[in-house]
Amino acid sequence: MDLLVVFLNQHTIANVTTMEFLGLAYAGLPESAVDPVVFIDADERSSAAVTKNGNLYTWGNNNYGQLGLGHREPCPQPTLVDSLVGQVGTVSMGSMYCGAVLRNGRLAMWGHGGHGNLGLGDRKDRTRPCTVGGLLSDAVVVQVACTRGQNGCKGGRRPKTGGAEGPHTIALTAHGRLYTFGVHARVVPVFVVQMPPPPPSSTCLTRHRIHA
């Protein structure tokens with residue numbers, strides 16, 4: 001049975017099988033037989049889905065441009081992020097911003113950037129995806145994790161002073177190098193630690209999402 005991703009109440013995602021579909025609409029997502037959804041992620045107010053062909057759809061709250069659509073208007077149903085057509089592997093939806101690992105191994109970030117949590121060298125917001133450079137320019141990123149639950153923490157914003165209480169981002173490369181940005185006013189990726197290789201029988205790095 002095909003797996004369908006259904007949009008509920010403007011921001012919640014639920015997985016249902018074809019037999020459980022019972023007439024619910026695709027709500028803007030492509031037909032599963034043409035371009036099936038293979039990866040989903042969501043915060044309390046915003047959601048994202050990645051299809052087999054590398055297309056990213058986002059919807060929900062968009063106060064900081066976290067949907068990556070070039071504006072700050074909310075979207076009641078999944079909308080294609082047209083600047084990343086065919087490029088996305090996985091996505092991490094944070095409280096007020098978002099990150100995507102691209103198929104070429106680069107990292108794209110957008111949304112609220114008041115803590116330097118976009119890793120783009122400043123504390124500015126972005127309403128469209130921007131590629132992270134610096135130490136990640138030549139790296140192959142395999143996972144990204146954006147902070148969640150920041151809406152109740154000073155609004156997650158202290159752009160003048162930075163600090164450790166706001167949103168931050170973690171990125172993992174194919175060589176096991178862990179980078180972070182956004183904490184303590186770091187506005188570009190900073191190397192943190194070399195992760196040990198997994199044992200031969202382990203699949204934890206490929207099957208578990210790292211949460212900031």
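This passage looks at the cysteines and at one antiparallel sheet in a predicted model.

On the cysteine side, a search of the whole structure turns up 0 disulfides. Take Cys98 to begin with: the cysteine sulfur closest to its own belongs to Cys146, and the gap is 6.0 Å. A disulfide calls for two cysteine sulfur atoms within 2.5 Å, so Cys98 and Cys146 are too far apart for a bond. Looking from the other end gives a matching picture, as the closest cysteine sulfur to that of Cys146 sits in Cys98, again 6.0 Å away and too far for a bond. As for exposure, Cys98 comes out buried, its relative accessible area being 0%. Cys146 is also counted as buried, at 4% relative accessibility. The cut-off behind both calls is a relative accessible area under 20%.

Turning to the sheet, 4 strands line up in the order E7-E8-E9-E10, with antiparallel pairing, and the sheet is open. Its edges are strand E7, covering 88–93, and strand E10, covering 126–131; each of these pairs on one side only. Between neighbouring strands of this sheet the turn averages 15 degrees, ignoring direction.

One pairing can be followed down to residues. Strand E9, made up of residues 107–111, runs antiparallel to E10, and the two are joined over 3 bridges. Here another cysteine comes into view: Cys130 in E10 has Met109 standing opposite.

Terms used: Residues are numbered from 1 along each chain as its sequence is written. This is a predicted model: local features need pLDDT of at least 70, side-chain atom pairs count only at pLDDT 80 or more; totals for chains, interfaces and linings use all residues. Side-chain values use heavy atoms; hydrogens and water are left out. Buried means under 20% relative accessible area, exposed over 50%, partly exposed in between (1.4 Å probe, protein chains only). Two strands pair if DSSP finds at least two bridges between them. Axes are lines fitted to C-alpha atoms, for helices over the stretch in contact, and angles run from 0 to 180 degrees between N-to-C directions.
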